[in-house]
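I opened a fresh notebook page for this one. Here is what I looked up, in the order I went through it.

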Amino acid sequence: MTELRLIAGIELGGTKCVALLATGPDDVRDRVTVPTTDPQATLAAIEGVLDRWTFDAIGVASFGPVGLDPARADYGAITATTKPGWSGTDLIGRLTARYGKPTGFQTDVNGAALAEGRWGAAQGMAAHAYITIGTGVGVGLVTGGRPVMGWAHGEAGHMRLPRAPGDTYPGWCRFHGDCLEGLIAGPALAERFGMPGDQLPDDAPAWDLFVHDLAGMLHNLVVTAAPERIAIGGGVTAARPYLFPKLRARLVESLGGYGALAEWAEDIETRLGTPGLGTMAGPLGAIAVGLETS
């Protein structure tokens, strides 16, 4: 019997980071959460956790953008992020120098998508997607068991979309203004509507705009890649499951019964939903990334 590899997984998020020691969802040895502040303090706190553990490999699933091409000088680093102070932070160089272990690296959403395919609701699927909505908006797309990559990883959270009539909010994203992240990420909701998303009443008109904007991105994702399933995680939707029926209805209407997507939409209740791994999709994403190291 092959011995299971013990992974030190690090999910690096815009608000908090989760360090997980595990071989998989049924064998979690330890879990520690630290706040995401400045790079030095945050990484020092994570290293303080890892220094106590014994493990075979490290998996890092990080907010981005990040450098994923080993042939490029920015490999292993956070690049031009909207998170103040983090651009240019070399994650993998620092961890490999300290621990000397095989270390895998992916975006947080790609990691979560890999975990959903390995252990969650996307098992056995050829193509599926994972979306997170929190401090930012990220999209991980997996086909053939691998995250989709071109010259760099995709940034579908920064799509530009048709605006709702009368919506003139200029957007929060410092790169693109009113891209999707600039409209519905946590900081955008707070700025756009005058209060944090978790304080907005469930019946606030703000959520109609949220559904309009997110459904536009879902339409583009479906007509571009036709994923078998789309999971939406992150704090915004996790606290408001009632948004899913509205998103499903808007997406089906938007697709308009076109071609093979008409049959796809007939199963919309299972096509679009929460992650099978729940709130553990992100931390287990880092474990999935670590398991793919050699």
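My entries below go from a sheet to the helices on it and then to a pocket.

**Entry 1, the sheet.** I reminded myself that this is a predicted model. I looked up one open sheet and found 5 strands in the order β3-β2-β1-β4-β5, with mixed pairing. I then checked its edges: β3 (27–35) and β5 each have a single partner strand, so one side of each is left without a neighbour in the sheet. On average, neighbouring strands here are turned by 15 degrees against each other, direction ignored.

**Entry 2, one pair of strands.** I picked β1 (residues 7–12) and β4 (residues 57–62), which pair in the parallel sense over 6 bridges. For A8, I noted I58 in β4 as the bridge partner.

**Entry 3, helices on the sheet.** I saw that α3 (residues 108–119) packs on the sheet and touches β1, β2 (16–24), β4 and β5. The direction of α3 makes about 105 degrees with that of β5. Next I followed α11, which lies across β1, β2, β3, β4 and β5 and runs at about 130 degrees to β1. Is α11 (residues 281–291) mostly covered or mostly open? I found 11 of its 11 residues buried, among them P283, I287 and V289.

**Entry 4, a pocket.** I turned to the second largest pocket, which holds about 210 Å³ of space. Its lining includes Y75, F105, R146 and E292, and V289 from my last entry is listed there too. Which strand gives the most to this lining? I found that β5 does, with 3 residues. By type, I noted 7 nonpolar, 3 polar and 2 charged residues in the lining.

Key. Residues numbered from 1 in each chain as written. Predicted model: local features only at pLDDT ≥ 70, side-chain atom pairs only at ≥ 80, totals over all residues. Heavy atoms only, no water. 1 Å grid on protein atoms, 1.4 Å probe; cavity = no way out; pocket = protein on both sides within 12 Å on 5 of 7 lines; lining within 4 Å. Points joined across faces, edges and corners; volume = space filled by probe spheres on them. Nonpolar A, V, L, I, M, F, W, Y, C, P; charged D, E, K, R; others polar. Buried < 20%, exposed > 50% of the residue type's maximum accessible area, 1.4 Å probe, protein only. Pairing = 2+ DSSP bridges. Axes fitted to C-alpha atoms, helices over the stretch in contact; angles between N-to-C directions. Contact = heavy atoms within 4.5 Å.
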